[in-house]
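Consider how two chains meet in a predicted model. The account below begins at the interface and then turns to the nonpolar interior.

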Amino acid sequence: MIRVNNLYKHFGKLEVLKGVTAHIREKEVVVVIGPSGSGKSTFLRCLNKLEECTSGEIVIDGIPLNNDDTNINAVRREVGMVFQRFNLFPHMTALQNITLAPMKVRKLDKQEAEVQARALLRKVGLEDKADVYPDQLSGGQLQRVAIARALAMRPKIMLFDEPTSALDPEMVGEVLAVMKDLAREGMTMVVVTHEMGFAREVGDRVLFMDEGIIMEEGPPDRLFNNPQNPRTKGFLSKIL
Amino acid sequence: MDWHLMVKSIPILLNGAVLTIELSAAAVAFGTVIGLSIAMGRLSRHKLLAWPAGAYVDFFRGTPLLVQIYLIYFGLPQILNFTPPDSYQYIAGVIALSLNSGAYIAEIFRAGIQSIDRGQTEAARSLGMTQAQAMRYVILPQAFKRVVPPLGNEFIAMLKDSALVSVISIEELLFSGKIIVGRTFKPFEIYIEVAVMYLILTLTISRLVNYLERRLAKGDTR
């Protein structure tokens with residue numbers, strides 16, 4: 001579903017990614033962990049070209065991203081993204097946030113889009129918040145609306161960029177619960193997170209990134225209980 | 001003080017004030033259209049759009065409005081080789097004021113657009129929207145709210161700057177005053193009266209802008 005070969009990304013002189021290779025299968029849930037500055041968010045943002053990679057190859061569902069003929073908007077329709085800081089549109093209600101892209105990009109008519117949006121709000125437990133503006137919602141609610149907004153495009157892949165890092169602790173659970181449901185339904189997911197419990201419970205595979213490369217990867221049980229790389233050991237000992 | 005003259009002059013000056021308001025409103029209206037286009041150009045990644053837009057802003061902000069008025073009123077008919085129609089001064093006045101205010105309004109829009117969090121564009125683009133769709137449905141509606149107060153200030157500036165078109169015989173507020181002074185030789189009374197009328201106009205507009213600003217602030221969090 002996602003093939004990444006030898007990905008490099010420089011910001012000026014700063015090398016953030018130094019040769020990342022990863023293959024992610026359909027319906028797989030891959031959790032990316034690592035210290036801050038390890039390049040994990042940059043890696044994720046390269047997957048829908050919010051960051052342009054310096055060199056290397058990314059193929060999403062058979063479509064190469066760094067090919068001039070590729071319509072990036074067509075790829076992004078199939079790849080949903082959830083941001084650390086939610087990025088809901090503040091001038092629109094929850095419902096309008098969710099219906100905008102399906103109407104403008106997928107050309108759904110308003111009624112179809114709203115029926116779908118209400119179903120998605122129900123799915124994330126916020127059907128009563130349809131007509132509420134983002135400033136009336138808590139962090140956890142904002143992030144659940146953001147997830148519903150991404151799902152409204154019916155993506156084949158969902159990217160999560162530290163979706164719970166900006167939340168108060170008591171709200172982390174409600175967002176993780178929605179993500180777990182999604183994983184159970186067979187969504188292909190790439191999740192950058194510090195939630196090791198989520199990684200263990202839901203992840204099919206964990207990638208440990210440090211210094212711009214994938215230092216170690218493996219099933220969560222193996223990686224958490226028996227890390228091989230000394231870097232992985234050091235990181236896990238600090239956070240677990 | 002010739003109070004009698006001052007009272008007698010009110011109707012003529014009011015006529016001029018109406019024209020001043022009309023000129024300024026037209027300039028800000030056209031200026032908004034010009035400004036939005038120029039701002040888009042300046043923010044474009046294409047050098048072929050960004051460079052001329054930047055040059056436009058530099059020229060109209062960096063040269064005196066009076067020179068711009070002369071260029072359009074006297075210069076344009078010469079270089080384009082046409083005989084100015086009878087009321088050409090109005091057309092030239094509105095063009096000059098609009099082009100000038102367009103440069104300032106372009107900067108207002110640019111700042112407004114750039115003040116919107118990058119995450120908004122990223123969220124829109126990540127949903128498959130084009131840059132144009134993200135701008136139209138996500139960025140501009142938020143930016144418009146933020147530019148209302150500075151646009152109001154631009155309108156106030158335009159009310160005052162429009163006095164310059166009196167040099168090409170447009171009978172706006174200042175020109176009306178000049179005519180009365182020419183007839184009566186009472187410059188102090190008349191120019192004080194003109195100044196007070198400008199003051200009433202600008203204070204009224206600034207109250208209006210403040211009120212709008214407060215109303216928008218109420219809904220600003222959404």
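**The interface and the cores**

In this predicted model, B:Glu122 and A:Arg45 join their side chains in a salt bridge at 2.6 Å, N to O (a side-chain nitrogen of Lys or Arg within 4 Å of a carboxyl oxygen of Asp or Glu). The rule finds two salt bridges across the interface of chain B and chain A. On the side of chain B that touches chain A, the elements giving two or more residues are α5 (118–126) and α6 (131–161) of chain B; α5(B) gives the most, with eight residues. That side divides into seven nonpolar, eight polar and five charged residues.

In total, 20 residues of chain B are in contact (heavy atoms within 4.5 Å) with 27 residues of chain A. The buried area, that is, the accessible area (1.4 Å probe) lost by both parts on being put together, is about 2,000 Å², with 58% from carbon and sulfur atoms.

The largest nonpolar core, a set of buried nonpolar residues (under 20% relative accessible area) joined through side-chain atoms within 4.5 Å, has 49 residues. Those touching the most other members are A:Leu7, A:Phe43, A:Leu47, A:Phe89 and B:Met129. The largest share of this core, seven residues, comes from α6(B). Among the residues that B:Met129 touches are A:Phe89, A:Leu100, B:Ala134 and B:Val138. A second, separate core of 48 residues includes A:Phe86 and A:Phe224.

Residues are numbered from 1 along each chain as its sequence is written, and chains are lettered from A in the order in which they are written. Local features need pLDDT of at least 70, side-chain atom pairs count only at pLDDT 80 or more, and totals for chains, interfaces and linings use all residues, while side-chain values use heavy atoms, without hydrogens and water.

Conventions. Buried area = accessible area lost by both parts, 1.4 Å probe. Helix = DSSP H or I, 4+ residues; strand = E, 2+ residues; numbered from the N terminus. Nonpolar A, V, L, I, M, F, W, Y, C, P; charged D, E, K, R; others polar. Buried < 20%, exposed > 50% of the residue type's maximum accessible area, 1.4 Å probe, protein only. Lists of a residue's contacts leave out its neighbours within four places in sequence.
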